[in-house]
Each structure stands twice: as structure tokens, then as C-alpha cells.
Amino acid sequence: MIIVCPKCSSRLQVDEMKIPSKPFTIRCPKCNSSVDSSNASSITEQTAVSIGVSPSSENPRMEQSKAAPLFESEAAPVTPSATDKLVELLTSLVNQPASNGYSPAARSSWNPRKALVCTVEENRESVARSLSENNYQVFVAQDSRQAVERMRENRLDVVVLDSRFDPVEQGPVFVTREVSVLRPTQRRRVFFVLLSPTLRTMDAHAAFLNNVNAVVNVNDVAELPKLIEHRLREFNELYTEFNAAMHLPPL
């Protein structure tokens, strides 16, 4: 069931298995106002976004799915020693400007970005391997359930979604929803990439329309790590002052 907050228009999903038989009220997590169950939305009642517990949990095929597993490359990454970590940390502290104590330095090698890959099978291995070789901790989802479970279990830095991912279970709908329902402070800490067979790589207008941070055409998958790094640099520059005020490291 989807209940719409009359004050801020937020859509709140309620597990139908836990709904009491009589009218009830819940508190909106966004504006903290009380919302009556009579505000259930009939418009979204039949859409993919509102089908029970996402995604399609009543389907027996999805029952045994777990969170997307960690991708393990054949060439195991070199784990830095405690001394290496200490030297890198001290170096970053020394290089920080004295004005505000914040520096948008490159991410530490011992603190890799966490990336979730939700692509079609033909690109799954190549995308995961290319990101892993560029110091990403990569999780690979084979279906919508694995993707959603991983997004709820881990704080991810990058989500790569193919528009053709798990079409049977409407994968793009559920993955996009998990990103869209994040609070603004959380959403700013997730870099969302859409892989598309039709859209142009780094088309800012297409990215805006699809509510993602970057669009990459599937024909440019081989250059994905470089493209993400380039766009991430711009993204971090945009939020430099915000991150400094909040004492947050760049993505």
C-alpha cells in the first residue's frame, strides 16, 4: 500500500502484511507529520512501485535470493599494510589547507569505493572486472532482489544500472526507486550511473531526465571506469564547499 503525506506529498510504502484491520496513522519520516491511512494512493496501486514488498517477493523464484555477492577478481588486490595506511593518512593530513582543514584529495587506496553493478549478463563480467581493477569494491547483482537487498545492507558509493537489467522483474524500476527514496543527504553520497543502448554518453540532459548522475552508452562500457572518474571529479568539485561544511570526504 502507498500512503501519500498530505503535507509534503511524500509517498510512503506500507507492508500490506502488517496493515491492521482498522484505520491507522503513521508518521512521515520527511516532515514528521501524522498521516492517516485514508490517504492511500489509488493511482499507484497497480504500478510496479507498489506491488507488495519490493521486488515481487511473492514470486517463488525470488524466495532464495540474497544480497548481491562481492565480485572476486582472479588477480587478488594487494592489501596495504598498517604502515602504508598510516603513511597515507599522515600525508593527507599534512597536505590539508590550514584555512578550513578540508581537502578534496583523492580517495585512499585502502578505502575503496563500493559499487553495485546491475547489468545484463553479457556485460556483467567486463563491467565488474574493469571497476575492480580500478580499486572499486564491486558487488554484482544477478536480479532485482539481489540488487535491492545489497542496497539496503550496504552504504554504496556508486550504482551502475543497465536499463535492460532483469526485465522480467522490472529491475530498473526497483533499483531506481531505492535511490530515489533516499534522503537528500544520503542521495548526495551515491553516484548513480545509467547504462543505455540508446542514450548518448555523458549527455547531461538525458541524465537529468532520468534522475541519474551520468549516462553511458553500452558501446562505451570499456571506458566506464574513466568516464565515471571524470564525472565524479566534477561531482566532487560541485559539492566541495558542502562537504567541507559537513566534514565529509569526497566520493
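**View 1. F235 and its ring neighbour Y239 in the predicted model.** In this predicted model, F235 has a relative accessible area of 7%, and because buried means under 20%, this residue counts as buried. Y239, by contrast, has a relative accessibility of 23% and is therefore classed as partly exposed. A search of the whole structure finds three aromatic pairs, and one of them joins these two residues. The ring centres of F235 and Y239 lie 5.1 Å apart, and since their planes stand at 55 degrees to each other, the pair is described as tilted.

**View 2. Y239 and F242, an edge-to-face pair.** The planes of the Y239 and F242 rings meet at 70 degrees, with the ring centres 6.1 Å apart, so this pair is edge-to-face. F242 has a relative accessibility of 29% and is therefore partly exposed. Through ring pairs, F191, F235, Y239 and F242 are linked into a cluster.

**View 3. The surroundings of F191.** When neighbours within four places in sequence are left aside, F191 is in contact with D157, V158, V159, N213, A214, I228, R231, L232, F235 and L251. F235, the buried residue of the first view, is thus named both among these contacts and in the ring cluster that includes F191.

**View 4. The largest nonpolar core.** In soluble globular proteins, nonpolar side chains tend to be buried together. The largest nonpolar core of this model holds 24 residues, and those with the most contacts inside it are L131, F191 and I228. At least two residues of this core come from each of β5 (113-118), α2 (121-132), β6 (136-140), β7 (158-162), β8 (191-196), β9 (214-217) and α7 (224-238). Helix α7 gives the most, contributing five residues. A second core, separate from this one, has 20 residues, among them A141, F192, L194 and V215.

**View 5. Helix α3, a mostly covered helix.** Helix α3, which spans residues 144-153, has seven of its ten residues buried. These buried residues are S144, R145, Q146, A147, V148, R150 and M151, and they pack against the strands β5, β6 and β7 as well as against α4 (171-180). At the N-terminal end of α3, D143 acts as a cap, with one of its side-chain oxygens lying 3.2 Å from the backbone nitrogen of R145.

How values were computed
Residues are numbered from 1 along each chain as its sequence is written. This is a predicted model: local features need pLDDT of at least 70, side-chain atom pairs count only at pLDDT 80 or more; totals for chains, interfaces and linings use all residues. Side-chain values use heavy atoms; hydrogens and water are left out. A nonpolar core is a set of buried Ala, Val, Leu, Ile, Met, Phe, Trp, Tyr and Cys residues joined through side-chain atoms within 4.5 Å. Buried means under 20% relative accessible area, exposed over 50%, partly exposed in between (1.4 Å probe, protein chains only). Helices (H or I, at least four residues) and strands (E, at least two) are DSSP runs, numbered from the N terminus. Contact means heavy atoms within 4.5 Å. Rings of Phe, Tyr and Trp (its six-membered ring) pair if their centres lie within 6.5 Å; planes under 30 degrees apart count as stacked, over 60 as edge-to-face and the rest as tilted. A polar contact is a pair of N or O atoms within 3.5 Å; within protein, one must be able to donate a hydrogen and the other to accept it, and residues adjacent in sequence count only if both atoms are side-chain atoms.
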